[in-house]
Amino acid sequence: MTKVNENHIECAPSLRGRERLFYVVDKLGLSCPWTKSVDSTSMLDWLGGEVEELRKEISLLRLLSPAAAAGEVSMVSSPRRISGMKIGGIGHPLVANDAEHEDAEVRNTRKALVSELGDVLFDAIMLEMMCRRDFNLNPSEAWDAAAEKVERRTPYMKDWGDGSEAKTSAEAELMWQAAKLEEKKEDGYSFEKSAHAFKSKDHEFDKRS
């Protein structure tokens, strides 16, 4: 734990990864006046903007270096053209300088991607916290709903599935879509029941009136 002043002890720096971010968001929700003034709709709009920024960084990194996008940074191993002039391979000073510049650009873009990804994670967790606050949701409600949905749609997973098999991504996609369609049918049935019940109550009210 790090002592900040005589009356305040902050333990966030001792945390790492997701635990630290969850801790920060929880504390913001409890005592940050700005956070208390923001609603879930505004946060959703900001999340959308951060997603677009992240999309740009991902596209740029893939464009700069497919290998870098896969987690690898490779040196130039083939002749390059600079200002229309073909120069030699590895060992040529212009190639070495160009490769260093390319690797620096890739590193900077990866750094920017990490930053934008962090913004998306922060906004998403803030949005979940604000929805709980604004609509009185159970703390685990959205998290459980997300996990249960994925589990239903991936029955081929041995960790929670029903013994189904998906040997290809196409087979997995078919199972996902089939489960999704079944969910929509069930949701439609539930909606019809709710609508029917509402109409029945409304009709009874009219008769009493």
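This is a short tour of two helices and the nonpolar core they help to build, in a model that is predicted.

**Stop 1: helix α3.** Select residues 40-64, which make up α3. Color its buried residues: Ser40, Met43, Leu47, Leu54, Glu57 and Leu61. Now try the distance tool on the C-alpha atoms at the two ends of α3. They are 36 Å apart, which agrees with the 36 Å that 25 residues should span at 1.5 Å a residue.

**Stop 2: the core.** Next, select Val25, Met43, Met126, Met129 and Met130. In the largest nonpolar core, which has 14 residues, these five touch the most other members. Which helices each supply at least two residues of this core? They are α3 and α5, the latter covering 93-135. Of the helices, α5 gives the most, with 8 residues. As background, nonpolar side chains in soluble globular proteins tend to be buried together.

**Stop 3: methionine 43.** Zoom in on Met43, one of the buried residues of α3. Leaving out residues up to four places away in sequence, Met43 touches Val38, Asp123, Met126, Leu127 and Met130.

**Stop 4: leucine 127.** Follow that contact across to Leu127, which sits in helix α5. Is Leu127 buried or exposed? Leu127 counts as buried because its relative accessibility is 14%, and buried means under 20%. With residues up to four places away in sequence again set aside, Leu127 touches Ser40, Met43, Leu44 and Leu47. Finally, select Thr41 as well: Leu127 and Thr41 are 86 residues apart in sequence, and their C-alpha atoms are 8.5 Å apart in space.

Notes: Residues numbered from 1 in each chain as written. Predicted model: local features only at pLDDT ≥ 70, side-chain atom pairs only at ≥ 80, totals over all residues. Heavy atoms only, no water. Core = buried A, V, L, I, M, F, W, Y, C linked by side-chain atoms within 4.5 Å. Buried < 20%, exposed > 50% of the residue type's maximum accessible area, 1.4 Å probe, protein only. Helix = DSSP H or I, 4+ residues; strand = E, 2+ residues; numbered from the N terminus. Contact = heavy atoms within 4.5 Å. Expected span 1.5 Å × (residues − 1).
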